[in-house]
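Here's a quick walk through the fold and its ligand site. Have the viewer open and follow along.

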Amino acid sequence: MRSRIFAIANQKGGVGKTTTTINLAASLALGDQTVLVVDMDPQGNLTSGVGQKGNHAPAGTIYEALTAESTPVAHDYIVPTCVSGLSLLPADHNLTGAEIELVSAARREQRLRLLLEQVRGRFDYILVDTPPSLGLLTLNTLVAADGVIIPVVCEYFALEGLAALTATLHQVKEAFNRNLEIAGVVLTMTDLRTNLGKEVAAEVQGVFGNKVFETPIPRNIRLGEAPGHGLPVILYDVRSKGAEAYLALAREFLACTRAAPLPAGGALRG
Ligand SMILES: Nc1ncnc2c1ncn2[C@@H]1O[C@H](COP(=O)(O)OP(=O)(O)OP(=O)(O)O)[C@@H](O)[C@H]1O
Ligand SMILES: [Mg+2]
């Protein structure tokens, strides 16, 4: 087994990156996939959203793993979650320091890649949640990833900032990671019954074409409530529209990632 690693990224805040990471990962785990989620955001929303706020292995959080002097053993930082088949590499607010501390470190943009390389044999999928910025934590994630999933909210200004994101993806691909591709764009908090929802969805499709996942994620109150209970929505309310949507997205994601060839090893430059 060689894991496929996906970054969930958009430097715009509050577009559903963490919600998509948690619920896509939990839906994949429900479909008998072994999944690791990695919290690369000092806000730690992914960690608390899977019920692990304040929890970490004795070795520490992703912060200790990224800033370790000698090569860290990735396995030592991974904790289980309440979802069978879903493991977590947690974060807390200390991760803010990594952005600064890593600036002068050797191979500063490769830290996460070197860490995750060690556990590629253990998981079918590794999903990495990123902060709302294009700083060193997001850069580390893009260097480690095979594909990027971009959540986009279906409202005005949805496309704002996406040019900066695609330019960054292009630069990372050129300099560090020639495998990096856009795996897909997820329309989040969508209401396709409204004209606005339809217009923005069409606009996003105009830019990203068939990269846009066919499954839109509706605005759904249960999706907003579930992280407060430390649960993915499929465990909080499996009958909700939000749970249905993420299960459908996971099916679509599985079909398209299985159809795509595995990335070649040793593709990294620099
Ligand atoms: N489809 C949805 N329906 C209703 N609420 C949602 C939906 N998706 C996300 N939310 C809520 O919207 C807020 C922002 O979502 P989320 O935290 O996933 O975004 P984010 O992109 O990770 O934010 P940040 O940039 O701060 O990391 C959260 O309170 C979340 O619970
Ligand atoms: Mg988030």
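## Sheet

Before looking at strand partners, one bit of bookkeeping: two strands count as paired if DSSP finds at least two bridges between them. Keep in mind, too, that this is a predicted model.

With that rule, V148 sits opposite I182 in β7. The strands β6 and β7 run parallel and are joined by seven bridges. Most of β7 is covered, with six of its eight residues buried.

Zooming out, the sheet is open and has seven strands, ordered β3-β4-β2-β5-β1-β6-β7, and its pairing is mixed. At the edges are β3 (79–80) and β7 (181–188), each of which pairs on one side only. Over in another part of the sheet, β2 (residues 35–39) and β4 (residues 86–89) make a parallel pair with four bridges. There, V35 faces L86 of β4.

## Helix α1 and its neighbours

Which strands does α1 touch as it packs on the sheet? The list runs to β1 (4–8), β2, β4, β5 (125–129), β6 (147–153) and β7. Its direction makes about 165° with that of β5.

The helix α1 also packs against α11 (residues 241–259), at an angle of about 70° and with the axes 8 Å apart. Angles of 65 to 115 degrees count as roughly perpendicular, so α1 is roughly perpendicular to α11. On the α1 side the contact uses N23, L24, S27 and L28, while α11 brings Y246, L247, L249, A250, F253 and L254. Sorted by type, the residues of this contact come out as eight nonpolar, two polar and no charged.

## Ligand site

How many residues surround ligand 1? There are 20, and the closest are G13, K17, T18, T19 and P132. By type, the shell splits into six nonpolar, 11 polar and three charged residues.

As for secondary structure, α1 (17–30) and α9 (221–225) each put at least two residues into the shell. The biggest share comes from α1, with three residues. So if you're following α1, you meet it at the ligand, on the sheet and against α11.

## An enclosed helix

Is α6 (residues 136–144) mainly buried or exposed? Nine of its nine residues are buried, so the rest of the structure largely encloses this helix. For selecting them in your viewer, they are L136, L137, T138, L139, N140, T141, L142, V143 and A144.

What do they pack against? The partners of these buried residues are β1, α4 (96–101), α5 (111–117), β5, β6 and α7 (162–175).

## Two positive phi angles

Now for some backbone oddities. Most residues other than glycine have a negative phi. D32 goes the other way, with a phi near 65°. You'll find D32 in the loop between α1 and β2. M189 isn't a glycine either, yet its phi is positive at about 45°. This one lies in the loop between β7 and α8 (195–208).

Which of the two loop residues is buried, and which is exposed? A residue with 12 or fewer other C-beta atoms within 10 Å counts as exposed, and one with 20 or more as buried. D32 has 9 such neighbours, so it is exposed. M189 has 22 other C-beta atoms within 10 Å, so it is buried.

Key
Residues numbered from 1 in each chain as written. Chains lettered and ligands numbered in written order. Predicted model: local features only at pLDDT ≥ 70, side-chain atom pairs only at ≥ 80, totals over all residues. Near = placed C-beta within 6 Å. Nonpolar A, V, L, I, M, F, W, Y, C, P; charged D, E, K, R; others polar. Contact = placed C-beta atoms within 7 Å. Axes fitted to C-alpha atoms, helices over the stretch in contact; angles between N-to-C directions. Parallel < 35°, antiparallel > 145°, perpendicular 65-115°, else oblique.
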